[in-house]
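Biologist: Before we trust any of the labels attached to this model, could we go through them one at a time and ask what each of them rests on?

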Amino acid sequence: MSEVVSGGTPPAVPPGRPRLTVLSGPSGVGKSTVVAHMRQAHPEIWLSVSATTRSPRPGERHGVQYFFVDDGEFDKLVANGELLEWAEFAGNRYGTPRNAVLERLAAGEPVLLEIDLQGARQVRESMPEAGLVFLAPPSWEELVRRLTGRGTEAPEVIERRLTAARTELAAESEFDHTLVNTSVEQVAAELLALTRTS
Ligand SMILES: Nc1nc2c(ncn2[C@@H]2O[C@H](COP(=O)(O)OP(=O)(O)O)[C@@H](O)[C@H]2O)c(=O)[nH]1
Ligand SMILES: Nc1ncnc2c1ncn2[C@@H]1O[C@H](COP(=O)(O)OP(=O)(O)O)[C@@H](O)[C@H]1O
């Protein structure tokens, strides 16, 4: 007869070893770059694809970087409870589709969310076992350089994002871990370690 240890299926996420990791940090700090670098070598880390009302940048594709939806569609996602969290950021709305995340977690796979501070706070409330990681710039000047140098936003959009960045940088202490994005390779390795143990 096989031994019954706890009388049930073990939880997909053992206590103290959450497999849900949230990565936040100011726009332009390098979140997408670091995540892409990590996932190139470790595609098993599943990255949630968010819904957003912002317009695609050149090269972005529906269902890859984001699900690009209009205001009405986003309203429906909210009304139907289909989002795990959502927030308005610099004039657009962004949200994490709930079911896909829960399915991956139930399957025991490591899940990564790349979301803003407001979203990170909501996840902390609804899924306190999540590991919250803050990606910080080496300096304010370097953040401005990266955001401007990326060349994807108009000057007034950059200004909005830098205003949000001040609030986000001030909230760093709410996170479980801070990684400073000086070297993409190094930070990607540190993030990988956190997705496994955070
Ligand atoms: N709350 C929340 N924030 C998101 C979500 N998806 C993306 N974001 C955040 O929205 C902000 C703007 O994203 P984006 O327009 O792609 O600009 P970028 O991060 O500067 O490349 C970033 O802080 C993202 O992390 C989401 O599903 N929920
Ligand atoms: N460690 C780094 N050193 C120098 N430039 C970086 C580094 N990480 C990212 N970048 C650059 O900074 C810009 C913003 O990076 P991105 O990944 O788009 O940021 P985010 O996703 O946080 O908005 C990009 O042009 C990217 O190539």
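Modeller: A volume here is the space filled by probe spheres set on the grid points, and a pocket is an open set of such points with protein on both sides within 12 Å along at least five of seven lines. On that basis the second largest pocket holds about 160 Å³ of space. Please keep in mind that this is a predicted model.

Biologist: What makes a residue part of the lining of the second largest pocket, and which residues line it?

Modeller: A lining residue has an atom within 4 Å of a point of the pocket. The residues lining the second largest pocket are R54, S55, P56, R57, A90, G91, N92, T152, E153, V157, R160 and R161, so each of them counts as having an atom within that cut-off. Helix α6 gives the most to this lining, with 3 residues, and by class the lining has 3 nonpolar, 4 polar and 5 charged residues.

Biologist: How much space lies in the largest pocket, and which residues lie nearest its centre?

Modeller: About 950 Å³ of space lies in the largest pocket. Its lining is made up of 37 residues, and K31, S32, R54, Y66 and E114 are those that lie nearest the centre. The elements that each supply at least two residues of this lining are α1 (31–41), β5, β6, β7 (111–114), α5 (140–150) and α6 (155–170), with α1 providing the largest share, 6 residues. By class, the lining of the largest pocket divides into 14 nonpolar, 11 polar and 12 charged residues.

Biologist: How do you know that ligand 2 sits in the largest pocket?

Modeller: A molecule is said to sit in a pocket if more than half of its atoms lie within 2 Å of the grid points of that pocket. Ligand 2 is assigned to the largest pocket, and therefore more than half of its atoms pass that 2 Å test. The space taken by ligand 1 is likewise the largest pocket. The elements giving two or more residues to the shell around ligand 1 are β5 (83–89) and β6 (92–97).

Biologist: Why are the approaches of S50, Y66 and Y94 to ligand 1 called polar contacts?

Modeller: The term is used for a pair of N or O atoms within 3.5 Å. A polar side-chain atom of S50 lies 2.6 Å from an oxygen atom of ligand 1, a polar side-chain atom of Y66 lies 2.5 Å from an oxygen atom of the ligand, and an N or O atom in the side chain of Y94 is 2.5 Å from an oxygen atom of ligand 1. The three distances are within the cut-off, so the three pairs qualify as polar contacts. Taken alone, ligand 1 exposes 570 Å², and the protein buries 97% of that area.

Biologist: Which residues come nearest to ligand 1, and how is its shell divided by class?

Modeller: Of the 19 residues around ligand 1, those that come nearest are S27, S50, R54, Y66 and Y94, and the shell divides into 5 nonpolar, 6 polar and 8 charged residues.

Biologist: What makes the pairs that G28, G30 and R146 form with ligand 2 polar contacts?

Modeller: The 3.5 Å limit for N or O atoms applies again. A polar backbone atom of G28 is 2.8 Å from an oxygen atom of ligand 2, a polar backbone atom of G30 is 3.0 Å from an oxygen atom of ligand 2, and an N or O atom in the side chain of R146 is 3.2 Å from a nitrogen atom of ligand 2; these pairs therefore count as polar contacts. Of the 570 Å² of accessible area that ligand 2 has on its own, the protein covers 74%.

How values were computed: Residues numbered from 1 in each chain as written. Chains lettered and ligands numbered in written order. Predicted model: local features only at pLDDT ≥ 70, side-chain atom pairs only at ≥ 80, totals over all residues. Heavy atoms only, no water. Near = heavy atom within 4 Å. Polar contact = N/O pair within 3.5 Å; in protein donor to acceptor, adjacent residues only side chain to side chain. Areas by Shrake-Rupley, 256 points an atom, 1.4 Å probe, with all protein chains shown as cover. 1 Å grid on protein atoms, 1.4 Å probe; cavity = no way out; pocket = protein on both sides within 12 Å on 5 of 7 lines; lining within 4 Å. Helix = DSSP H or I, 4+ residues; strand = E, 2+ residues; numbered from the N terminus. Nonpolar A, V, L, I, M, F, W, Y, C, P; charged D, E, K, R; others polar.
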